[in-house]
Amino acid sequence: MENQIKGAAERWGLNRCEEIYLHPTKAVLSAESERFGPVILKIDRNISRLKSEHRMLTGLSGRHSCRVYAYDENAGLLLEERIFPGTVLRREASLETRIKIFSRIFREIHMPAGEGETYLDWLEGICDYCRRNSVDREVSDLAVRAREICAEVFGKYPDRVLLHGDLHHDNLLSRDDGSYAMIDPKGVIGPAILDLPRFILNELDTEHTCPHREHIREVIRLLGGQTGYPQADIGKLFFMETVLENIWRLEDGDEMVREELEVAAAIGLESGE
C-alpha cells in the first residue's frame, strides 16, 4: 500500500497526503495535486469495486457528484475531486430540507446499467452467510424475508440503473454554491427505488424529538411525496435495508442493533402484510 501511495503521488504530483481511511486492502487519502488542486486518492485491491465507482462517477461527469480526475484500473487507483466545504447533509437541521435535497439528487443520478453486481446479489449474499455460519433461526428468517422483498421489487419495477448503493447523509456533501454532490457510489445495479432505504435507515441517527417509529413514518411519507413511490414499498425496503446492514455487522464481527430491527419490522412488515 505504501508503494502505491508513493507511486500515485509521484505520478499525479500529490502533496500533503493525509490518511482518511487505511485498511490492508483499501485506503482513502486527501491530498493537494499540482494539476487538479484538492483531491481524494482511493486505492483498492478490489478492482471490480473501484471499477463500479469509476463507471458511475464518469457517467455523471460531476453532475451531482464528485469529478474523476484520473483512474488506473490495473494499479487500483482512483483520483477524485475533494468537495468543499464538504459539510455533510446530516448537519442540515430541517427534515423537510434534507428530504428535498436528497430527493433532487436521487431523481437525477441514475443511468441505465449493463451487466454487473445487483442489489439482489447483496441479499443473496446475506442469506448465504446465514446458511454457511449456522446463525440462529430468527436471523436467518429475517435474511430470507429481506431477500424476498428485494426480489419482489425487482419484479415490480423493471428499470435497471446504476445505483449509488449507499446514498445517505454522510455521502452527500455541500459545495461552496450551496449545492450538494454525492461521493462513494457503489455502482450496484437495480431499480432506482433501491437507493431510498439507506437514507431512511440513517435518519435514525439524526436529531429528532419524536420516537423513532414516528420519525421514520414521517420520513417515508415525505419521500413518497417527493418521489412518487408508494409508501408501502418504501417501508418494506426500509426493513430490507435494516436487515442487510445488521447482518453485514455480524459478518464484520459486530453486534446487531436490535432496536433498529424492531423499528424496521414494525414499519416495514406492517406496510406489506
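# A guided tour of two sheets and a helix pair

Begin by selecting Tyr 71, which faces Leu 78 of β5 across the strand pairing. The model on display is predicted, and every stop below refers to that model.

**The hairpin of β4 and β5**

Extend the selection to β4 and to strand β5, residues 77-81. The two strands are paired in the antiparallel sense, and four bridges link them. Move next to Val 68, whose bridge partner in β5 is Glu 80. Then follow the chain into the turn: four residues lie between the strands of this hairpin. Stop at Gly 76, where phi is positive, near 70 degrees.

**The five-stranded sheet**

Now widen the view to the sheet that holds these strands. It is an open sheet of five strands in the order β1-β2-β3-β5-β4, and the pairing is antiparallel. Colour β1 (14-23) and β4 (68-72) separately, as these are the edge strands, each pairing on one side only. Looking across the sheet, one finds that the twist averages 15 degrees from one strand to the next. As a guide to reading such a view, side chains in a regular strand alternate between the two faces of the sheet.

Add helix α1, residues 2-12. This helix lies across β1, β2 (26-33), β3 (37-44), β4 and β5. Relative to β5, helix α1 runs at about 55 degrees.

**The three-stranded sheet**

Which strands make up the open sheet of three, and in what order? Select β6, β8 and β9: the order is β6-β8-β9, again with antiparallel pairing. The edges are taken by β6 (85-88) and β9 (180-182); each has a single partner strand, so one side of each has no neighbour in the sheet. Here the twist averages 40 degrees from one strand to the next.

Zoom in on strand β8, residues 172-175, and its pairing with β9. These strands run antiparallel and are joined by three bridges. One position to label is Leu 172, whose bridge partner in β9 is Met 182.

**Arg 175**

Remain in strand β8 and select Arg 175. Is Arg 175 buried or exposed? Its relative accessibility is 16%, so Arg 175 counts as buried. Leaving aside residues up to four places away in sequence, Arg 175 touches Gly 62, Ser 65, Cys 66, Arg 67, Glu 81, Ile 83, Phe 84, Pro 85 and Ala 181. For a distance across the model, draw a line from Arg 175 to Arg 11: these residues are 164 apart along the chain, and their C-alpha atoms are separated by 27 Å.

**Gly 116**

Proceed to the loop between α3 (95-108) and α4 (119-133), where Gly 116 is located. With a relative accessibility of 42%, Gly 116 counts as partly exposed. Its contacts, not counting residues up to four places away in sequence, are Asp 121 and Ile 189. Show Gly 187 as well: Gly 116 and Gly 187 are 71 residues apart in sequence, while their C-alpha atoms are 8.7 Å apart in space.

**Helix α8 and its contact with α7**

Select helix α7 (residues 212-227) together with helix α8 (residues 231-251). Their axes come within 9 Å and cross at roughly 130 degrees, which makes α7 oblique to α8. The crossing is right-handed.

To see the contact, display Ile 216, Ile 220, Arg 221, Leu 223, Gly 224 and Thr 227 of α7, which meet Gln 231, Ile 234, Gly 235 and Phe 238 of α8. By class, this contact comprises five nonpolar, four polar and one charged residues.

**Helix α8 and its contact with α5**

Keep α8 and replace α7 with helix α5, residues 137-156. The axes of α5 and α8 are 9 Å apart, and the helices pack at an angle of about 135 degrees. They are therefore oblique to each other. In this pair α5 passes α8 in a left-handed crossing.

On the α5 side, the residues to display are Val 139, Leu 142, Ala 143, Arg 145, Ala 146, Ile 149, Cys 150, Glu 152, Val 153 and Lys 156. On the α8 side, they meet Asp 233, Lys 236, Leu 237, Phe 239, Met 240, Val 243, Ile 247 and Leu 250. The contact of α5 with α8 has 13 nonpolar and five charged residues, with no polar ones.

Key: Residues numbered from 1 in each chain as written. Predicted model: local features only at pLDDT ≥ 70, side-chain atom pairs only at ≥ 80, totals over all residues. Heavy atoms only, no water. Axes fitted to C-alpha atoms, helices over the stretch in contact; angles between N-to-C directions. Parallel < 35°, antiparallel > 145°, perpendicular 65-115°, else oblique. Left-handed = near helix turned anticlockwise from the far one by under 90°. Contact = heavy atoms within 4.5 Å. Nonpolar A, V, L, I, M, F, W, Y, C, P; charged D, E, K, R; others polar. Pairing = 2+ DSSP bridges. Buried < 20%, exposed > 50% of the residue type's maximum accessible area, 1.4 Å probe, protein only.
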